[in-house]
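Here are some exercises to work through with the structure open in your viewer. Try each task before you read its solution.

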Amino acid sequence: MSYKHLVDHVAEPTEDDRKSGWLGKLKNGLSRSSSKLVGGITDLVTKRLLDDEALNDLEDLLVLTDMGMPAATRAVEAVSATRFGKESSSEEIREQLASELTKSLEPVARPLEIDPALRPHVVLVCGVNGSGKTTTIGKLAKQDVDRGRRVLLAAGDTFRAAAVEQLKVWGERCGCPVIARDIGADAAGLAFDALERARAENADVLYIDTAGRLQNKQGLMDELKKIIRVLRKVDATAPHTCLLVLDATVGQNALSQVETFKNMVEVNGLALTKLDGTAKGGVMIALADRFGLPVHAVGVGEGVEDLRPFEARAFARNLLGLDA
């Protein structure tokens, strides 16, 4: 199946999608994570007082979602403070847990804001192989165009012909020019040319795709730093957003990816994709705890409408199987 056929096939919402809305998609997307938590908490509290053993089991259950020990411990301590030694329903405990997790997530729930004064606001998108960088760029670009912004795309993944084709398809669909070069061309030179063109055309946003980088491959990471150096020859403040795209299905490994990329480049925003394919949705909380980086967007499906700004309360409640 060609990328053009793929994008044409998945980008438009169906009538069922329109009816279910984003909250319905988020609930469905987190169902693999929430079903384990709901079932586990229900089993834990059935005909049982909330004693030390039950609280330890609750903490273990939360850790299994990859939210990390610090967040799990805080949440369980909050439950213990009000419910220790008491009979509690599964819903009561989940309500309190959701409230505590929302507090952890609210500081990082910040939409990607495009600064109209920059022209262009340069968004450099990075991440490991298969994280969903190119698709994320396409969806963000489509949303920007729908808001009336002029957007340019730069196909900086010059290693893979498929990545360039995929970005061109998104560009055609969004009505965005795509700056591309031959396979194997210098990615930094392409980024330089793209920024100069974006400035000349008074574009609002320039999204720069990059090759998927394994965080243990020094040469690829050095190339990413080179792209940034070259961009700063045109605009000393660029890139204005360095967006790291993470695949939620990797769970705790997302933490090491952020750590490595932060040491190499100035990552200042995250996007988490493929939440609909994992039971490790709690990793969002671990990321917020450890790094405090803004989470600009989360993805729970293939369509354009399935990538949305991150909402702390809706996420926490859906993770616990509660209506948002």
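**Exercise 1. Work out how helices α3 and α4 are oriented relative to each other.**

Solution. This is a predicted model, so treat every value here as computed from it.

- Step 1: find the two helices. α3 spans residues 31-45 and α4 spans residues 52-63.
- Step 2: look at their axes, which come within 10 Å and cross at roughly 175°.
- Step 3: compare that angle with the cut-off. Angles over 145 degrees count as roughly antiparallel, and α3 and α4 are therefore roughly antiparallel to each other.
- Step 4: check who touches whom. On the α3 side you'll find Lys36, Leu37, Gly40, Ile41 and Leu44, and they meet Ala54, Asp57, Leu58, Leu61 and Leu62 of α4.

**Exercise 2. Follow helix α11 and describe how it crosses α10 and α12.**

Solution. Two packed helices are described by the angle between their axes and the distance between the axes.

- Step 1: start with α10 (residues 218-234) and α11 (residues 253-264). Their axes come within 10 Å, with a crossing angle of roughly 50°.
- Step 2: classify it. That angle makes α10 oblique to α11.
- Step 3: add the handedness: α10 and α11 cross in a right-handed way.
- Step 4: list the contacts. Gln218, Met221, Leu224 and Lys225 come from α10, while Thr260, Phe261 and Met264 are their partners in α11.
- Step 5: move on to α12 (residues 283-291). The axes of α11 and α12 come within 10 Å and cross at roughly 35°, and this crossing is right-handed.
- Step 6: pick out the residues. From α11, Ala254, Leu255, Val258, Glu259 and Lys262 meet Val283, Ala286, Leu287, Arg290 and Phe291 in α12.

**Exercise 3. Decide whether Cys126 and Cys242 are bonded or unbonded.**

Solution. A disulfide is a covalent bond between the sulfur atoms of two cysteines.

- Step 1: get the total for the structure, which is zero disulfides.
- Step 2: take Cys126, which is in no disulfide; its nearest cysteine sulfur belongs to Cys242, 4.0 Å away.
- Step 3: apply the cut-off. A disulfide needs the sulfur atoms within 2.5 Å, so at 4.0 Å the sulfur of Cys242 is too far from that of Cys126 for a bond.
- Step 4: check the surroundings. Cys126 counts as buried because its relative accessibility is 0%. Cys242 is buried too, at 2%.

**Exercise 4. Find the aromatic pair and name its geometry.**

Solution.

- Step 1: search the whole structure; one aromatic pair turns up.
- Step 2: identify the rings. They belong to Phe310 and Phe315, with centres 5.4 Å apart and planes at 70°.
- Step 3: name the arrangement. Planes over 60 degrees apart count as edge-to-face, so that is the label for Phe310 and Phe315.
- Step 4: check burial: both Phe310 and Phe315 are buried.

**Exercise 5. Track down the unusual backbone values around Asp66, Arg119 and Pro239.**

Solution. Most residues other than glycine have a negative phi, and most peptide bonds are trans.

- Step 1: go to Asp66. This residue is not a glycine, yet its phi is positive, about 75°. Asp66 sits in the loop between α4 and α5 (69-83) and is buried, with a relative accessible area of 13%.
- Step 2: go to Arg119, a non-glycine with a positive phi of about 40°. Arg119 is in the loop between α6 and β1 and is partly exposed, at a relative accessible area of 34%.
- Step 3: step along the chain. The peptide bond from Arg119 to Pro120 is cis, with omega near 10°. Pro120 lies in the loop between α6 (90-105) and β1 (121-126).
- Step 4: look for another cis bond. One joins Ala238 and Pro239, with omega about -10°, and Pro239 is in the loop between α10 and β5 (241-247).

**Exercise 6. Is Tyr207 buried or exposed, and which residues does Tyr207 contact?**

Solution.

- Step 1: place Tyr207 in strand β4 (residues 205-208).
- Step 2: check accessibility. Tyr207 counts as buried, at 1%.
- Step 3: look across the chain. Leu124 is 83 residues away in sequence, but its C-alpha atom is 6.1 Å from that of Tyr207.
- Step 4: collect the contacts. Skipping neighbours within four places in sequence, Tyr207 touches residues including Leu112, Ile114, Val123, Val125, Ile137 and Leu140.

How values were computed. Residues are numbered from 1 along each chain as its sequence is written. This is a predicted model: local features need pLDDT of at least 70, side-chain atom pairs count only at pLDDT 80 or more; totals for chains, interfaces and linings use all residues. Side-chain values use heavy atoms; hydrogens and water are left out. Buried means under 20% relative accessible area, exposed over 50%, partly exposed in between (1.4 Å probe, protein chains only). Rings of Phe, Tyr and Trp (its six-membered ring) pair if their centres lie within 6.5 Å; planes under 30 degrees apart count as stacked, over 60 as edge-to-face and the rest as tilted. Axes are lines fitted to C-alpha atoms, for helices over the stretch in contact, and angles run from 0 to 180 degrees between N-to-C directions. Helices (H or I, at least four residues) and strands (E, at least two) are DSSP runs, numbered from the N terminus. Angles under 35 degrees count as roughly parallel, over 145 as roughly antiparallel, 65 to 115 as roughly perpendicular and the rest as oblique. A crossing is left-handed if the near helix is turned anticlockwise from the far one by less than a right angle, and right-handed if clockwise. Contact means heavy atoms within 4.5 Å.
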